[in-house]
Structures are given as structure tokens and as C-alpha cells.
Amino acid sequence: MAEKKTKKATAKKETKKETTAQASSFAPESKTARIGVFACHCGTNIAGSIDIEAVQNYAKTLPNVAFVDNYQYMCSTPGQKKIEDAIKEHNLTGVVVAACSPRLHEPTFRTATKEGGLNPFRFEMANIREQNSWVHMHDREGATDKAKDAVRIAVAKAALLQDLIPKKVPVEKAAMVVGAGVAGMQAALDLANAGIKTYLIEKSPTIGGRMSQLDKTFPTLDCSQCILTPKMVDVGRNPNIQLMTCAEVEQVEGYIGNFDITVRRKARGVMTPAEAEAKGIVGGGCNGCGDCEAVCPVIKPNPFEMNMKPRKAIYIYHPQVVPLIYTIDWDSCIKCGLCVTACGEKKAIDLEMQDELVKLKVGTAILATGYELFPIEKKDEWGYKKYENVVTSLEFERLICASGPTGGHLVRPSDGKTPKKVAFLLCAGSRDNTGIGKPYCSRFCCMYSIKHAHQIIEKIPGVQPYIFYMDIRSFGKMYEEFYYRIQDEGAKFIRGRVSNVLEDADTKNLYVMADDTLLDRPMKLEVDMVVLAAAVQPTGGVDTVRKMFGVSCSQDGWMLEAHPKLNPCGTTTAGVYLAGVCQGPKDIPDTVAQAEGAASAASIPIHMGEVELEPYFAQCIEEKCAGCGMCVNLCPYSALSLVEGEGGKKVMKVTEAKCKGCGTCGGFCPGGAIWMQHFATPQIVAQIDAFLTGGEE
Amino acid sequence: MAEEFQPKILGIICNWCSYAGADLAGSARTQYPPDIRIVRVMCTGRVDPLFILKAFTDGADGVLVSGCHFGDCHYLEGNYKAAKRMFILKSMIKNIGLEDKRLRMTFVSASEGAKWAKVVEDVVKTIHELGPNPITQLTK
């Protein structure tokens, strides 16, 4: 039966695509192939669901297989040694390891293959763990059959693999950090202090991010601005950091070591002293004096103060901004010119200023785009934006902050009175599977709400904070102790999610309706004010940035790390790293730690000076190429072009450094003239054949 | 009907999203039927329609091509090209007498392990309903 099948398969090898393999220099030598197959038990992870002995015996029957072995843990040092020894002893030309995912251990076994004296690209992996034993745990027969097929498919490819030489490219000695919150600032400082020229791109007019909006930080109760401002100043004056505020990434091209990034510097309307000097205005430019702001007739809400404080059309967010340069809000500016007059001889203001596109070349990039609050008004049961005295946690931060709209006096928005009973509602939109909120834990709300409770106890005599919680997650260093301390200070903790908040129309007091799940009884509590610990979500517009850099996102929209445990700062795009909350909710210590990790990761290729690119780029089989140019238009990286070949014939040419190896060209070439290295047509066809027409001899 | 029909389903999936998604289904131990065999490519854009025709003439009962979601392609737009090609190919295989449901293109991201399991389950179910590939019946 098997014989028949093989014959049929050989007869079919007339298809146009397959003859491609015969094209002289591109022909792999399958007839002389000697493949070694190594099956991994992975303890019981694989062997528990798959009959390894059966797979091993089956592998022996496959064409081109010269040696078969198995081991408990192939990835261990003795396991790798088996591969190295077998290559030498049995004169192998290719290696197949049936184990876990190539996304996990391909590099490990490639190294072992190389140590054995073969080109590392002579290695192929059969994934019999993640995509087999683990997903068919209770179907031993099905899983074993699948493993046999997977080995057969891998052997078929391995027999046709070729030696490939990774391309080495130099790395530009500069880095970019997108987003200048505490994560971006820390990463930029670390890179700069490591001697790397760093571009720090921030879309708002000042650096500092969310942390600069906070009053205090838990559990140490440091004043947030006090610990952040020195860092902001350091960033501003570090000679290795080129700070670009009011700037957004517009286009990203290139690859690790050589990213060409276009940044749009939005017209600020105000020149820095350096910019003024460049324009020949001696001693001019903005010095932050504020004369312009004083005369500006336009009044707008200040988003930094959560719109609870006014600002002018020419403004700075707060007194500690870095850089201390005023900015014009073009949407509200009426171009009356009063500010220009007030600025006088400094001539800093240019009402006709235009956006500017700046091209930067960097070796690596860190994304630190942060978060925003979930629009909690979508969950209307808590009455945000319906009742005046329901505020979000960020609004509370501004209300309690000494530099905030009320000078640090917590007041009710409805009547300016000091509240005596305040309810803090945790998990407002977090851990919410209703489809409206966010299913994940936002991780820092428990702690900041406990901090809020402390802050009001400290500031308002006789106040009573109530904290409505589902679970208190005080997971960090000294956090649990902080939680107990605030309990001792008198904060009341009530376990139960609030179902509804109602308002007394006369007093504007609020009724919090909840189930006390510890006492197992419903409750109705009258309070003066409600603070919602709203869920956090990725910053709006972050998808554009993410896609430009080729970074995937998780189901919740957070940027996806290369590996949640072992590579939390990296992404699947080489040379692009993540820092801070853009990767998932985290508090300040975790954010800073990750930023330092990302900076370290981003500095490695730069300090190495060159990186190896996987040699998966396309090549053109010139004798097959008809010069139609279809592929040129398909390539998203402009890596292909038509050039004049021998005898004036037009042929396609690949610029290898630009090619990323997607194979979109190879998937369409009508003449089969494109050779995708390591994913060549004969190799893929051999895999399909191996699966469907059998491989037994 | 004496022997139970064991479908041969070929999955050609991209390295960055769907392969990672399938790996995640494994890490999470999400169970699904084993009737699929995977060939990994870097991008679904690499999938030459001829691979699929070859698979069907070789006797595949179903082919699943799975890549990144639109806008999330690791190589910018390979998945758009693939989706276009699969769309055209579907009408072609219909013309040669194959049910177009035998060819599926799906989009499974690296974080959608559960979705991958569901996709495979669904494809296996569809192929079971359709029965064996008629081409293999003809050449028997």
C-alpha cells in the first residue's frame, strides 16, 4: 500500500513548481542526505501522551534517515551532546529533533548542530509538545500518529535543507525611546548613561507622563513630583539625550541595527532659545517667563489637571515641565497676536509655525507608550459623569495634590465642601467579564486606593474612608504592611462589588449599594463622595505606533512581549523592546525595573556593533525569471527591483539587507523563479508530499 | 462506511501569530482534535496557491491557512496578499469540483490559543461533514 502511494507521488512530480528544484545551484542534494532523528521525552510532557518508542521505530523506516535516537531531555547538555556526537559518528547531513516548539528551542539545537560540524540551518524541528502532546493529552494513539507524521514532514524538509550563512549588518550607534513617562525617561537615561545617543520622542509638550500627575506614591508616600522632577531635569540636560516633545513617530522602515524613522515634530508655535538662535534671533527664544500666558484671552480646561483647572491657549501644563517652553494649542488659539507682543524682544512665538518631519537613524527602539484610564462612564451603574461627586482616581490625585486645582484641599465638586465620608470603589471596570469593562486586573488600583484612604485620613480630621473591594492585591515589597497600616488608621474595608450608586438630588450625597459578601447582607451606604478606581487600558492611538514597529498585541490590546517569562522586554521584532505599562499594567517599581531591562536589552546590539540577520531572504533563479516585475510591486519593503541581466534580459534583483524573508513574492511568482531560502518551494512541497503521500520506503 | 473517516488536514500557518497562538494553546493545555498536520512558514504571504492545489491533488481533505489579523502582520501586509489569493483560490477549487469549504483562511494572533483550538475543532468538524476529498475517490 505504502509502495503504491510513493510511486504515485513520484509520478506526480511533474508539476511546474517542483522542477524548480532542479535549477542547478539551487538544487538541494536529497539523494545523499543522511538525517539524524532525535526524539525528546521532555520528562512526561511528551512521553506521557506519545509513544516515543513507536515514533523512534517509525523514524527508522523513513527515507534518508541514517540515525535515530531519543533522550529524556534533548535540550539538556547531554541531549545536545548526543546530536553533536551523532553528526560526527554517522556523518549526518541534517538533524531533526522532535520536541517542543521551534520558537522555544530552535536556537539551542541549531547551536548543537553547529557544534557537531554542520551548518546550523541544516536543522529542522518537529513540534510534538506544544502542538501535539499538550493538546491531545488523552488521545495517545492520535498524538502518536500525529508525532510520526510530524517527524516524517520534518525529515522531508531536512533532506532538502541547504547551508546558509547569516548576514552580518552594522548597528547604528543610536537608540530611540517612544514615550517619555517614567518608563521612557528611565530607559532613555540608562541608554544615554551607557554612552548611546538616544532620541526620546514624546507626543505631549512635556515629559513625565502619568507619574507627574500623581500626588504621592505607595507604600513609601514619597511625593511623586519630588522624586520625578530630578529625573525629568536629568533627562532634559543629558547631552546624550535628544528630547523631542510634541513629536510623534510617523514612519518606521528598516530592521534591527538600521531603523529609519520619520518623526513629525508638531508645530509648537514657540521657539526654544536654540531654535531662535538658529534663526538669527540673538538672545531670543522662550525662557518660560509666562508673559504670553498672562495676556492670552482664551481659557480652556487643562487636561493635565483632569480638566479641573483652567489654562490658556498658550500654556505649560504645570510649573515643573521639561522642557520649560510654552506651547500653543492651535485648536483654541484665535491668533490675536497679544502673546507675540508680550514676548517682545525674545521673539519666541511664531504663529505661522509649521510641522516638521525629521528623519532619524537608530539601531534599536524602546516603546513606552503607557496607559490611560478606561472611560468609566461606559459603566453607568456608578454614575460617573452623571453625578458630580463621583470622580475617578486620577481626578482624586489632582484634587488631593498640593499643586492641584484646589491647592491640596479635597472638596466635593458639587459644592466645594470637604467630604466626611468617602467611598473608594475598586475594580471599577477591571476584572469585569460583562463585555463592557476589562477582564484583567489593573494591578495598582488596590494600592493607590489604600493610599488615597490614608491621604484623606491624614488631611481631613474625622473623615471616614470606605473601600469596596473584591480582593485586595497588595503584592509588592512592603505593600501588605501598608495595607494593614491603613486598616489600623481606620479605613473600613467592605468586600463586595458595588452594584449601583444613586444620588440624593437635594444634598448631592450618594448612596452606595452593595452586597457585603463577608457578612452576607446587602447594604446601602450614604457618602459624600465616590472615587472610582477605574481600569486602565493602552493609550489611544497606540495601535498605530505598535503596527509601525511590527509589534503584536495581546487580546486586551497591551503590546505583546516576546515571551511572558523569559523575554518580557523583547518583542518578536528584533531590535524593538517594551518598557512600562504599554506591555501590561504595572506599578512604578515594576515599570522602572522593566525600563532598565529594556534599556539593557536595547544597548546590547549597539555595543556589539553588528548583528546577524536570519538568512531567510529571497533569491532569484535568473534562468527562470521572465522579468515580469509582479514581485517588485508585491514586496512591502521595496527590496526587489528589475535590473538588466545577461544579454539585456530583465531579471529581478533582491537587495538582501532590505528583504525580511516573508516570502510574499515567492508565494506569487508565476515562473517559480523566486527561491525563498529555508522556505524554498521544493522544501515546502516535500513537506506537503510527505504528509499526504507517505514517506515510507 | 465501514471504516471511520480520518480526515487529512493540512495547516500552513505563519510563524509569528498563528504558530505562536497554536503554541499557546499547548502551554494552556487546551485540547482539540489531532487531525491536523502543520507546515510552518514565516508568513502566510509565502503560501503559493499551488501548494494548496498540490495538497488537494495529493489527497488532503482540507487545508487551513492561518496568519496574523489584518494590520498585525509581522511583515506588514503578507496576510492581505494571502487572503486575496485564498479568496480567488476558493472560487477556483469550486470550479474543479471541490467544495470551497475545504479551504479555510483564518486569523489567529499569538495571544489567541483558545481561538486556535476552536478554529481547528471547527475545521475538523467541517471536513467530517464534507467527507473525504472527492479527488482521491476519483483516482482510487
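# Notebook: rings, sulfurs and a cavity

I began with A:Tyr483, which is buried, with a relative accessible area of 11%. I note at the outset that this is a predicted model.

**Entry 1: aromatic pairs**

I then asked how many aromatic pairs the structure holds over all chains. I recorded 17 aromatic pairs. I looked up A:Tyr371 and A:Phe444, whose ring centres are 5.6 Å apart; their planes stand at 55°, so I entered the pair as tilted. This pair links distant parts of the chain, 73 residues apart. I placed A:Tyr371 in strand β19 of chain A (residues 371-373), and A:Phe444 in the loop between β21 (421-428) and α15 (445-459) of chain A.

Are these two residues buried or exposed? I found A:Tyr371 buried at a relative accessible area of 14%. I found A:Phe444 buried as well, with 7% relative accessibility.

I returned next to A:Tyr483, which forms an aromatic pair with A:Phe493. I noted 5.1 Å from centre to centre and 65° between the planes, an edge-to-face arrangement. A:Tyr483 belongs to helix α16 of chain A (residues 479-489) and A:Phe493 to strand β23 of chain A (residues 492-495), so the pair ties together parts that are 10 residues apart in sequence. I entered A:Phe493 as buried, since its relative accessible area of 17% is under 20%. I also traced a cluster in which ring pairs link A:Tyr469, A:Tyr483, A:Tyr484 and A:Phe493.

**Entry 2: charges over rings**

I looked for charged ends placed over aromatic rings. The ring of A:Tyr371 has the charged end of A:Arg210 over it, 5.7 Å from the ring centre. The charged end of A:Lys157 sits over the ring of A:Phe679, at 4.0 Å from its centre.

**Entry 3: disulfides**

How many disulfides are there over all chains? I counted two disulfides.

I looked up the disulfide in chain B, which joins B:Cys17 to B:Cys68 with 2.4 Å from S to S. I placed B:Cys17 in the loop between β1 (9-14) and α1 (18-27) of chain B and B:Cys68 in the loop between β3 (62-67) and α3 (78-95) of chain B, so the pair ties together parts that are 51 residues apart in sequence. The link of B:Cys17 and B:Cys68 is right-handed, with 100° about the S-S bond. I found B:Cys17 and B:Cys68 both buried.

I then turned to the disulfide between A:Cys223 and A:Cys226, with 2.3 Å from S to S. The torsion about its S-S bond is about 80°, so I entered this disulfide as right-handed too. I recorded A:Cys223 as partly exposed, at 26% relative accessibility.

From B:Cys68 I looked across to B:Tyr80, 12 residues apart from it along the chain; the C-alpha atoms of the two are separated by 9.5 Å. B:Tyr80 is found in helix α3 of chain B. I noted B:Tyr80 as partly exposed, with a relative accessible area of 40%.

**Entry 4: cysteines without a bond**

Why do I not list A:Cys286 and A:Cys292 as bonded? The sulfur of A:Cys286 has its closest cysteine sulfur in A:Cys292, at 6.2 Å, which is too far for a bond; the cut-off for a disulfide is 2.5 Å. I found A:Cys286 buried, with a relative accessible area of 9%.

I repeated the check for A:Cys635. Its closest cysteine sulfur, in A:Cys662, is 6.4 Å from its own, again too far for a bond. A:Cys635 counts as buried, at 17% relative accessibility.

**Entry 5: cavities**

I counted seven cavities of 30 Å³ or more. The largest cavity holds about 260 Å³ of space. I found 21 residues in its lining, of which A:Met125, A:Ala126, A:Asn127, B:Tyr19 and B:Ile38 lie nearest the centre. I listed the elements that give two or more residues to this lining: α6 (102-115), β4 (123-127), α7 (129-133) and α8 (140-158) of chain A, together with β2 (36-41) of chain B.

Which element gives the most to the lining of the largest cavity? I entered α8(A), with five residues. I sorted the lining residues into 11 nonpolar, four polar and six charged.

Technical notes:
Residues numbered from 1 in each chain as written. Chains lettered and ligands numbered in written order. Predicted model: local features only at pLDDT ≥ 70, side-chain atom pairs only at ≥ 80, totals over all residues. Heavy atoms only, no water. 1 Å grid on protein atoms, 1.4 Å probe; cavity = no way out; pocket = protein on both sides within 12 Å on 5 of 7 lines; lining within 4 Å. Points joined across faces, edges and corners; volume = space filled by probe spheres on them. Helix = DSSP H or I, 4+ residues; strand = E, 2+ residues; numbered from the N terminus. Nonpolar A, V, L, I, M, F, W, Y, C, P; charged D, E, K, R; others polar. Buried < 20%, exposed > 50% of the residue type's maximum accessible area, 1.4 Å probe, protein only. Phe/Tyr/Trp six-rings, centres within 6.5 Å; stacked < 30°, edge-to-face > 60°. Lys NZ or Arg CZ within 6 Å of the ring centre and 35° of its normal.
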